[in-house]
Structures are given as C-alpha cells and as structure tokens.
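Please walk through the fold of this protein chain with the sequence and the three-dimensional view side by side. The paragraphs below begin with a sheet and then turn to helices, a pocket and the chain as a whole.

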Amino acid sequence: METVRLTASQALVRFLENQYVSYIDMDGNEVEQKFVKGIFMLPGHGNVVGFCNGIEQELKDMVVYQGKNEQGMALAAVGFAKQMRRKQIFAATSSVGPGACNMVTAAATATANNIPVLILPGDIYASRQPDPVLQQMEQPHNLSISAHDAFQAVTKYWGRINRPEQIMTDMISAMRVLTDTANTGAVAISLPQDVQAEAYDYPVDFFQKRVWRIDRRPATKYAVEKAVEVIKNAKKPLLICGGGVRYAEAHKVFRQFAEDFGIAFGETQAGKSAIEWTHPLNLGGLGTTGGIAANKLAHEADVVIGVGTRYTDFTTASKWLYRTDAKFVNINPSEFQAYKMDATPVVADANEALSAIADELKKCGYHTDDAYAASVAAYRKEWWSEVERLDNCKYTGADSFTPEVNDANRACVEKFIADTGCDLCQTTVLGCINHEIDDDAIVCAAAGSLPGDMQSLWRARKINTYHMEYGYSCMGYEIASALGAKLACPEQEVYAMCGDGSFDMLHSELITSVQIGKKINVMLFDNASFGCINNLEVGQGNACICTEKNMLAEGVTNGIHTGKVMLIDYAAVGAAYGCKTYTVKTIDELKAAIADAKKQTVSTLIDIKVMPKTMSKGYENWWRVGVAEVSTKPEVQAARKAIEEHLYEARHY
C-alpha cells in the first residue's frame, strides 16, 4: 500500500480538496462539481498553528475567507449552501472554547433547515498533558467532555479526532451526511490541538477524487398506487411547495404536475420562488404567516399533497389550518418527514415521485373541475388586491389612521413619529423595494416581522430569488446569509432584509463583505422595537416588557421602557465599516437610494425608519403560544380562552 506522511490537518485539507458531487439539475443535465468551495476561518490558539499549517501546505482550489464572528461566518456558510440548493458547501473553523461554542447556534440553524455545513472547531488536548488549557471547561466527573460536546445536540453527525488516523473514518461519515438528501444538516468534527499537528502514514488512495452522488430516490410502485388512490378522489386538493422542491431541482416537474391536473399550490418559506408569483395556480404564502388565498383553500382542502415540507407549526398553523378529516400525501426523501400528519407517505425524490404519480393520474383522467378553478382565481384576485392595498398604505393622522396591527399598544405609532419624525409604513416600504430591485435580485431574511410580511406579500419574479431561513428563525442570519448568497451567485444583487433587532444582534459579516469585495445590500427596517414580538406580547394581553427600544426611565425595574425612542444612526454604523449608506424618510428618497445603490461596487446600507404596528396582520390563521392558564388580567384570560377554542378545532397529531 502506497502511503504519504501528513499531519491530521494536512490530511483533512487534502481530503476536502478532492471531494466532488454529481447530480441531475432541473433541466435534466448531469452536473459534476467540487463540493467544498472553501473555508471560513477565525483563528485562535486552537487552530492557528496546526490547522493553518494544513491550509498553507495543502490548499489548491478552495478559497479561505477571514470571518469576523464565529456564528456569523458559519451562518454565511449556511446561506451559501442554501442558495446553492445544497450542492456545494463551505467549512467553518474556529479556535476552542467560546469560538467553537459561538458556532453552535449556526449548526442548529443548519440542522433545523436540513442545510449542509461543515464545522471544524479546534478542541482541547487529546493527551490531556497540559490540562486545563486556555478556554477549557473541566467536568470533574468526566475529563473526556469538552464544550464541544454541545454540538451533538445540534448536528446530524459529530466526531472528535483523538488520533490522526480517525480523519479517514470520520470524514467519510461526514461526507455521507453532508450529501444525504433525507438527513443532511450540520456536521461538526472537533480537532484537538495536539492531534491537528500529529502525523500518520495515510494511504494515498484516501485522497483520490471522490464523487458523491446526490441521487434521485425513486418512488416504489406501492407508494405511488396508494398516493393515486387518495388524490384521484380529491375535489378540493392543495399542493404545498416546500423547500424540498427547490433542493431537489424539481421546479419544472412541480409546475407541470400542478398544470396537468389543475391543482393550486401554497408556498412555504423555503419553497417560495420555486415558481414565479404570476403563475395562475400560485396562491402565495401558506400558514401562520400566509395570505388569504392559500389559507382559504387550505381550510377547504380535502386532500393536501405536501412536497418537500417538514410541516412546521407555521406551515400548519399549529395543525389548525386544515380540516381534521383532510387526507395527506407527503412526498419527501425523509421517512421521518413523509409520515407526518398521518399521511400516505411517498418516500422519494420530488421529481421521481411527482412524475410517477402523474403518469398514473393521467390514466385515471383526473383533473379538478371548473368550480375549483373559479374559486382559485377568486382567491388569487382577492389576495393580490389586498397586497396592492398594503403597497400603498400611508399615515393620515392620529384620528384617521388605523395601523394594520391595531392593538392595545396603538399609541406607540404616534410616539415613534413624534420622536423620529418618520411616518413610513413597513408594508409600503417592502412593496417599494419589491418593485424597484432587479427581477433576479436575491432577498435574504430570517427573523422578526419581515418573514411574515415577505412570505405573504413578496412577489418573486424569478426562481430561486427568495432566501428565507425560518426553520430556526435565527436573528442575525440576514446579513451573514446575504454574504453567503453573494458568494453563491456573484452576478446577482443580494439584499439582506433586516430589522433593527437582528442588525443589533449580529452584523459582523458586513465587514467581511467589504473586506473581500463581495457587495451586498442591507435594507434596514428600524421600528425601534422587537416589533413582531411586541405584537405577540400585547396581543395575548401582556404589557410591553423588553420589546420596545425606548430609553429606560429612572427607577423603572419592570422592563417597560417608556422614555424617548432610541435614535440610532445605522447609516453611520455602515459608513464606519466602509459601506455606501443612505438614510431615507420618504418613498421618493427610498427609490433614489435603491437606484444609486445599484451603481455601487461596495456593500450598501439603507437606513429606513418605519412605524411600528405597520407590518401585515395575520390572514385566516392561528398560532399556538403559551398563554397563562391562570391570570388576574381579563385580557390574558380572554387570550387563553381563544387558545383553548382553537386547540379544540385543531388536529392533535
């Protein structure tokens, strides 16, 4: 056996350089490409010596970027893989201790969304000779435990390289998981500092080019027959376009299936932009943050065909959205997902399953009727008329203006105007951005009120231009993911749709975007609050505790901030990083800023002050939250009663 003597770090980098994937794209073309595009790195004493030496000696085609925050750079890796539809990834490496633990949130974000990312944190010494080392957390009952064991709860595969030869078995398993369409997610391989530098005589063939096939799993004949039995009797069917449609490159097959049988579809956050918004069968966003069209049909549907969806509580409105007697057919490569909602499961690739089911439905002569088509058209007209109204909301004065969220905290609207001098409505701003940016521009978002607005209101004019992380709703994902999306699609403009709360929490990779010359655009919606959470808090009968960014009045200890609205100059923050920035207070100023931002070659930030309570409200929806069962407040008692009434109506599993 021919061998080569390398350190564990050198072997790891050499291995990653030789990993490829092959797959069939949406046009039916066979594609082969390198799987690991590069590495995000924040160096520290736990990786700057051993692992850096591996990079210096063995790096060939991969690129290495310096991160600014471990969570941020790992989220950028998640955003890249998501935009690449899981066909290419970045790795992220950090030092031990806090650097490693910072990536736990990013790993959870990846795993919750089934997005592949490779986490390579430095770890404590396997030999234990210098224990306790800098940043080591000791557990007296088990000295083999380190902080890195926390990754086990948030990854699809976890390993620790305690001997250099373990690189071989762990990395084969890592690649197996990273390319698994049914069970991919974060993979964390912890690298003890001493082992990174230890040498081993590796078999040369371990470093040969490996091509991992991202295959299309076919549907069994039995599963297809059972699915057809259910669907052929449907009078009011509903298709769900989940993220799996995009990851499986099933855009065209899904569209053809809907058209062939006249079945309308609603979009999940991950599935949105698989099909353009103008398609006559596209009912838009579905679920708790969905719109009138998809949710009305969901209430009526006798058969629901879920394609590549995990049925989160936002997609099902906490299992209240659908009739309790509705039947489900679930198409998913994951058995775990396919069996949800007591469904008829089709454990298969979306392309293969939809094609096989379509062949059999055509033999039956199945098609929805004219009455169904008329109701679909009516729902679309009703919804898009409502969207047009929301595009044009204007503040008309305290006595005549009714905010979309008209709750017990209504007075915050006029307070915001008085303290900031701004009276823009959030939905109007969003609509303007939607109309003004390029058709092929990518929008990234994750948390706050924007995901609710965007799932229902955003009109995607080109496929794969809507990039929403809502499996984990990770605040701070927005800007990091925009960098990742830009690395994936360098020729397209990328916009991070970000609230002030998320920007405050994490925007470090905006600096990286400037540093490496990858332009992104931050659309910063500042309503000086955690707006959607304030809506939830107040809407369930509670006071405004810690959800408004007002100054704290002297002597106040209950978390209710009643002072002046905080006036934060976010444009100045962006400018300090080297971005081209804009502050806008009118729609005309916003249009001018967007037009000028398109001309820039450096990252931009548009600071937009928007009134609270002017995001879109819920439509035909519900969401189960933990309202107090016992309370002295009548408002909380009423909210609890409403929860119990809806729960009685909902499916229980």
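In this predicted model, a good place to begin is an open sheet of six strands, which are arranged in the order β19-β18-β20-β21-β23-β22 and pair in parallel fashion. The edges of the sheet are formed by β19 (466-468) and β22 (580-584), and because each of these has a single partner strand, one side of each is left without a neighbour in the sheet. Between neighbouring strands of this sheet the turn is 20° on average, with direction ignored. Strands of a sheet pair through backbone hydrogen bonds, in either a parallel or an antiparallel manner.

One pairing in this sheet can be followed residue by residue: strand β20 (residues 494-499) and strand β21 (residues 521-526) run parallel and are joined by five bridges. Within this pairing, Met 497 has Met 523 of β21 as its bridge partner. Across the sheet lies helix α18 (residues 450-457), which is laid over β18 (442-445), β19, β20 and β21 and runs at about 145° to β19.

Helix α18 also leads to the largest pocket, in which about 1,200 Å³ of space lies. The lining of this pocket consists of 48 residues, and those nearest its centre are Thr 288, Cys 532, Asn 535, Leu 536 and Trp 623. Two or more lining residues are given by each of the elements α18, α20 (500-505), α22 (531-539) and α25 (634-649), and the largest share, six residues, comes from α22. In chemical character, the lining divides into 20 nonpolar, 23 polar and five charged residues.

Another helix contact is made by α11 (residues 292-300) and α15 (residues 370-391), whose axes come within 7 Å and cross at roughly 145°. From α11, the residues Ile 292, Ala 293, Lys 296, Leu 297 and Glu 300 take part, and they meet Tyr 372, Val 376, Tyr 379, Arg 380, Glu 382, Trp 383 and Glu 386 of α15. The residues of this contact comprise seven nonpolar and five charged ones, with no polar residue among them.

Stepping back to the whole, the protein chain has 25 helices and 23 strands. Its radius of gyration is 26 Å, close to the 26 Å that the globule rule gives for 653 residues, so the chain is as compact as a globular protein of that length. Along its principal axes, the C-alpha trace spans about 75 × 75 × 55 Å.

Technical notes: Residues are numbered from 1 along each chain as its sequence is written. This is a predicted model: local features need pLDDT of at least 70, side-chain atom pairs count only at pLDDT 80 or more; totals for chains, interfaces and linings use all residues. Side-chain values use heavy atoms; hydrogens and water are left out. Two strands pair if DSSP finds at least two bridges between them. Helices (H or I, at least four residues) and strands (E, at least two) are DSSP runs, numbered from the N terminus. Axes are lines fitted to C-alpha atoms, for helices over the stretch in contact, and angles run from 0 to 180 degrees between N-to-C directions. Contact means heavy atoms within 4.5 Å. On a 1 Å grid over the protein atoms alone, a cavity is a set of points where a 1.4 Å probe fits but cannot get out, and a pocket is an open set with protein on both sides within 12 Å along at least five of seven lines; lining residues have an atom within 4 Å of a point. Grid points are joined across faces, edges and corners, and a volume is the space filled by probe spheres set on the points. Ala, Val, Leu, Ile, Met, Phe, Trp, Tyr, Cys and Pro count as nonpolar, Asp, Glu, Lys and Arg as charged, and the others, Gly among them, as polar. The radius of gyration is taken over C-alpha atoms; the globule rule is 2.2 Å times the number of residues to the power 0.38.
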